[in-house]
Amino acid sequence: MNFGDFLDNNSCGGGSGRIAADLPYTGAIATATMASAEIAPPRLVSHHEPVFNSPGLSLALQTGIEGQEMGRMTEKYESSNVVGGRRSRDEEHESRSGSDNMDAASGDDLEVSDRPPRKKRYHRHTPQQIQELESLFKECPHPDEKQRLELSKRLCLETRQVKFWFQNRRTQMKTQLERHENSILRQENDKLRAENMSIRDAMRNPMCTNCGGPALIGDVSLEEQHLRIENARLKDELDRVCALAGKFLGRPIPAMGPNSGLELGVGINGFGALAAVVPNDYTIPLPIMSPSKSTINNSNPMERSMYLELALAAMDELVKIVQTNEPLWVRGIEGGRQVLNREEYARSFTPCIGMKPKGFAAEASRETGVVIINSLALVETLMDSSKWAEMFPSIVARATTTDVISNGMGGTRNGALQLMHAELQVLSPLVPVREVNFLRFCKQHAEGVWAVVDVSIDAIREPSAPYPSCRRLPSGCVVQDMPNGCSKVTWVEHCEYDESEVHEVYRPMINAGMGFGSQRWIATLQRQCECLAILMSSSSPSRDHTAITEGGRRSMLKLAQRMTNNFCAGVCASTLHKWNKLRAENVDEDVRVMTRKSVDDPGEPPGVVLSAATSVWLPLSPQRLFHFLRNEHLRSEWDILSNGGPMQEMAHIAKGQDHGNCVSLLRASAINSNQSSMLILQETCTDASGSLVVYAPVDIPAMHVVMNGGDSAYVALLPSGFAVVPDGGSGQRVSGSLLTVAFQILVNSLPTAKLTVESVETVNNLISCTVQKIKAALQCES
């Protein structure tokens with residue numbers, strides 16, 4: 001706050017004012033008073049008087065000189081307050097009060113001349129009057145004539161006394177401020193003087209940087225002097241680059257770390273700088289780690305600058321969406337999930353990838369959960385396309401990294417930026433696969449806090465091309481380490497899609513964010529990480545009926561994982577396998593039939609593979625439907641492979657605390673003594689977003705090899721199974737379930753054989769019969 005405005009020279013009557021002789025800060029006031037009276041102050045000579053160009057410093061250092069000068073002025077001025085050579089004790093007591101320093105006469109009556117001072121008695125203000133004056137001064141340091149008149153009447157003072165009191169109070173305030181500023185300037189001056197002294201000492205005694213001994217200036221060659229100058233210039237350039245890189249990464253980058261290679265892409269490791277222009281037109285060399293970890297960069301410099309600008313904007317939006325609650329996020333009526341307030345979102349954020357296309361629907365969701373994985377491991381999984389698809393097999397049908405712009409800084413994923421292509425799916429033939437091209441950007445915001453954001457880039461690469469069926473707005477997760485080794489993950493999913501391509505049965509579920517929303521990502525991540533934690537533990541499963549070695553346990557789980565991944569890839573028409581869609585007149589409208597040829601794949605039988613899948617709605621809860629399908633004792637009510645009898649569980653491997661997450665080996669009863677029993681490998685998964693029951697008949701000798709720790713890659717199998725999800729209906733309780741039934745069958749062992757109409761009809765009848773048996777069995781139970 002600047003108190004200089006409190007001093008009003010025009011209100012002092014000709015520029016002079018009456019100052020009390022016993023004012024605490026008399027040095028500056030005496031100088032001002034003497035200047036107004038046009039009396040030259042006496043000159044005092046000091047042998048150590050410093051000379052400064054700064055008026056503030058001169059004032060601070062000359063306070064002692066002016067104090068001596070004011071002492072003599074004070075003695076002369078105090079004599080004017082004496083009546084008959086003596087002051088009363090009351091006046092002497094009042095003169096020592098702090099507030100009375102400003103209550104004495106004004107500068108108009110202060111005369112410094114050769115004639116004897118005029119003797120006059122001055123009135124001292126009472127404490128009540130001073131309190132009133134101070135109160136008004138806080139509200140209005142410059143009262144007008146009307147206010148002074150009113151205050152003088154209320155305090156029984158003259159208007160002139162009130163005027164002088166305010167004038168002196170303003171002068172005191174200004175003096176205090178100048179004194180404080182002088183003190184600060186004096187401290188800065190002392191600091192600069194100390195630095196100057198240390199620099200001079202260093203210049204007097206130069207040290208050699210190599211040996212640490214005294215340096216001889218004359219021995220330095222001209223070439224070495226040039227090298228030192230160039231070294232200083234390069235250090236300045238390095239500091240500038242590190243400052244810009246720190247702005248890009250969101251944290252300071254040390255100029256010279258333990259590894260002075262810097263990894264900033266400045267020609268080191270065989271790579272040139274990949275310059276990218278950030279929104280404020282600074283050029284940042286993006287980091288490249290090593291040639292072995294970097295893919296071929298196909299994007300041109302202009303595209304890279306646009307990608308970086310888009311990635312920074314998307315990261316900023318994701319962090320704000322994660323941190324902001326109401327009114328941006330509100331609790332929905334259905335299920336109590338968080339719903340994005342569209343109006344508030346439009347006011348708070350500028351669209352990163354343009355306005356929503358006409359006819360597109362928008363879905364947004366946010367979910368938070370605790371996951372048994374640390375932040376570094378999760379970030380590494382998300383930034384590796386293969387690990388990402390492996391972690392979310394039921395959601396990510398296929399993922400590839402098409403271009404790496406930056407691998408990160410200092411051997412970490414901080415600042416990693418890459419282009420990716422993914423196919424996202426809901427396990428149903430009635431929901432099309434979402435193909436998205438997007439940027440994935442990773443940034444470390446603090447120690448143990450990471451964020452990974454995705455945003456579509458179709459509008460940047462092909463502005464004139466038609467919109468894809470799905471656009472990924474800034475989506476991703478913020479990961480924060482917890483003390484117990486787990487992580488707190490907040491996931492945000494925000495996209496726009498063509499709703500006309502989704503079947504009416506699945507529209508409520510997709511609109512509610514239960515198909516591609518954040519709840520499904522968090523639930524799948526929690527289930528997968530819990531499974532990994534259990535598999536890494538040394539404790540053996542409690543429900544094992546046979547002695548399975550540790551190697552056999554690992555091989556059996558690996559085989560079950562491959563079986564489930566192939567099942568998910570066969571439900572939807574993803575490009576992971578080259579499926580050919582068939583359109584047959586004798587197939588139901590909601591049944592999708594696809595075919596492909598299996599050649600040179602040791603994990604599948606060779607020949608023509610037929611896949612058929614359909615989805616139906618059932619008026620049952622997902623939990624009840626899932627437990628019915630996974631129960632081996634009730635399997636004969638819908639499975640033709642059970643031979644009409646119950647199945648026996650031969651082995652059981654738990655994959656989570658929920659009994660529904662497990663891998664089982666089942667044996668069907670033989671019809672007669674001449675027929676050998678059949679083994680069925682089954683994996684069941686369940687979480688808050690849905691459930692899976694996947695199974696496949698396996699060869700008995702091959703399974704003996706697997707259970708003894710042998711390689712499971714050569715076990716041929718074709719999976720079938722079920723996917724159960726809530727229907728997304730209204731109300732607090734889910735009113736029904738959506739059941740997907742899918743079969744993969746080898747119709748001919750010759751890859752060159754042609755598909756017959758009879759084979760298609762057989763698979764269609766198998767699906768219809770299975771659905772009818774499930775409906776009949778559940779209706780009989782109810």
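## Nonpolar cores

The largest nonpolar core has 45 residues, and W388, F392, V396, W491, Y506 and I510 are the members that touch the most others in it. Leaving aside residues up to four places away in sequence, I510 is in contact with E363, V426, V431, R434, Y497, V502, G515 and F516. A second core, separate from this one, has 32 residues, among them A612, L625, L739 and F743.

The model described here is predicted.

## The chain as a whole

The chain contains 19 helices and 21 strands. Of its 782 residues, 47% are buried. The exposed surface of the chain comes to about 40600 Å², with 53% of that supplied by carbon and sulfur atoms.

Contacts can also be sorted by separation in sequence. When the count is limited to contacts between residues at least 6 apart, 66% of them join residues at least 24 apart.

## The nine-stranded sheet

Nine strands form an open sheet with antiparallel pairing, in the order β13-β14-β15-β21-β20-β19-β18-β17-β16. Its edges are β13, residues 580–582, and β16, residues 648–654, each of which pairs on one side only. On average, and with direction ignored, neighbouring strands in this sheet are turned by 20° against each other.

Helix α17, residues 622–630, lies across β15, β17, β18, β19, β20 and β21 of this sheet. Relative to β20, the helix runs at about 165°. L625, whose number falls within the range of α17, is included in the second core.

## Strand β18 and its partners

How many of the nine residues of β18 are buried? Nine of the nine are, so the strand is largely enclosed by the rest of the structure. In a regular strand, side chains alternate between the two faces of the sheet. In β18, one side carries L679, L681, E683, C685 and D687, while the other carries I680, Q682, T684 and T686; all of these are buried, and both faces are covered.

On one flank, β18 pairs with β17 in the antiparallel sense over six bridges. Within that pairing, E683 is the bridge partner of V663. β18 also pairs with β19, again antiparallel, over nine bridges. There, I680 stands opposite P697 of β19. A hairpin connects β18 to β19 through two residues.

## Strand β19 and Y695

Strand β19 covers residues 690–698 and is joined by five bridges to β20, residues 720–726, the two running antiparallel. L692 has A723 in β20 as its bridge partner.

Y695 also belongs to β19. Is Y695 buried or exposed? Its relative accessibility is 3%, below the 20% limit, so Y695 counts as buried. The C-alpha atoms of Y695 and V663 are 9.7 Å apart in space, although the residues are 32 apart in sequence. V663 is the residue that bridges to E683 in β18.

## Helix α6 and C156

Helix α6 spans residues 145–155, and its buried residues include R148, L151, S152 and L155. These four cover an arc of only 100° around the axis, which puts them on the same side of the helix. K146 and K153, on the other side of α6, are exposed. The elements covering the buried residues of α6 include α5, residues 127–139, and α7, residues 159–204.

C156 comes just after α6 and lies in the loop between α6 and α7. Its phi is near 60°, a positive value in a residue that is not glycine. With 69% relative accessibility, over the 50% limit, C156 counts as exposed.

## A cis peptide bond

Which residues does a cis peptide bond join? The bond lies between E326 and P327, with omega at about 5°. P327 is located in the loop between α9, residues 301–323, and β3, residues 329–331.

Both this bond and the phi of C156 can be set against a general background. Most residues other than glycine have a negative phi, and most peptide bonds are trans. C156 departs from the first pattern with its positive phi, and the bond between E326 and P327 departs from the second by being cis.

Definitions and conventions. Residues are numbered from 1 along each chain as its sequence is written. This is a predicted model: local features need pLDDT of at least 70, side-chain atom pairs count only at pLDDT 80 or more; totals for chains, interfaces and linings use all residues. Side-chain values use heavy atoms; hydrogens and water are left out. Two strands pair if DSSP finds at least two bridges between them. Axes are lines fitted to C-alpha atoms, for helices over the stretch in contact, and angles run from 0 to 180 degrees between N-to-C directions. Contact means heavy atoms within 4.5 Å. A nonpolar core is a set of buried Ala, Val, Leu, Ile, Met, Phe, Trp, Tyr and Cys residues joined through side-chain atoms within 4.5 Å. Buried means under 20% relative accessible area, exposed over 50%, partly exposed in between (1.4 Å probe, protein chains only). The arc is that of the directions from the helix axis to the C-beta atoms. Accessible areas come from the Shrake-Rupley method with a 1.4 Å probe; for residues, only the protein chains shown count as cover.
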